[in-house]
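Open the model in your viewer and set it to cartoon. The stops below go from the whole chain to one residue and then to one helix.

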Amino acid sequence: MKISVITATFNSAATLADTLASVVAQTYPDVEHIIVDGNSSDSTIDIIRRRMHPRLSFRSAPDRGIYDAMNKGIAMATGTLVGLLNSDDYFTSPDVLARVADAFSTDA
């Protein structure tokens, strides 16, 4: 089952690298990371572009706040499971999404 992780950003350059690294480090293989940026004016977009990979997509445009951005990300998601990870948060271990997938598996 695919897991979609949505991250809303706005001028998140100070913390976003840790967020991105924690998603990339996940051992669960079927993850898409969607970043919806509110038209940041700092180096947020540069940080995202430097860390692009096939499972990461992003959009940057003005929005009406964090919940608008989250809803845009949810609309873009293709996963069976959808989770939100704020741009100043990170997964504390590389098996977080594997454990989430296991908890939602039909065999559990």
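Colour the chain from the N terminus on: the elements run β-α-β-α-β-α-β-α. That comes to four helices and four strands, where helices (H or I, at least four residues) and strands (E, at least two) are DSSP runs numbered from the N terminus. The radius of gyration of the chain is 13 Å, close to the 13 Å that the globule rule gives for 108 residues, so the chain is as compact as a globular protein of that length. The radius is taken over C-alpha atoms, and the rule is 2.2 Å times the number of residues to the power 0.38.

The model is predicted: local features need pLDDT of at least 70, side-chain atom pairs count only at pLDDT 80 or more, and totals for chains, interfaces and linings use all residues. Residues are numbered from 1 along each chain as its sequence is written, and side-chain values use heavy atoms, with hydrogens and water left out.

Next, show the C-alpha trace, which spans about 45 × 25 × 20 Å along its principal axes. Of the 108 residues, 41% count as buried (under 20% relative accessible area; exposed is over 50%, partly exposed in between; 1.4 Å probe, protein chains only). Turn on contacts (heavy atoms within 4.5 Å): among those between residues at least 6 apart in sequence, 75% join residues at least 24 apart.

Now select valine 36, which sits in strand 2 (residues 31–37). Is valine 36 buried or exposed? Its relative accessible area is 4%, so valine 36 is buried. Which residues is valine 36 in contact with, leaving aside its neighbours within four places in sequence? Show Thr7, Ala8 and Thr9, then Arg59, and then Ala69, Lys72, Gly73 and Met76. For a distance check, pick the C-alpha atoms of valine 36 and aspartate 63: they are separated by 9.3 Å, with the two positions 27 residues apart along the chain.

Move to helix 4 (residues 96–104) and select Val96, Leu97 and Ala101, its buried residues. Look down the axis of helix 4: these residues fall within an arc of 135°, so they line one face of the helix. The arc is that of the directions from the helix axis to the C-beta atoms. An α-helix has 3.6 residues a turn, so residues three or four places apart point the same way.

Add strand 1 (3–9) and strand 2 to the view, since the last stop involves both. The buried residues of helix 4 pack against these two strands. On the other side of helix 4, select Asp102 and Ala103, which are exposed.
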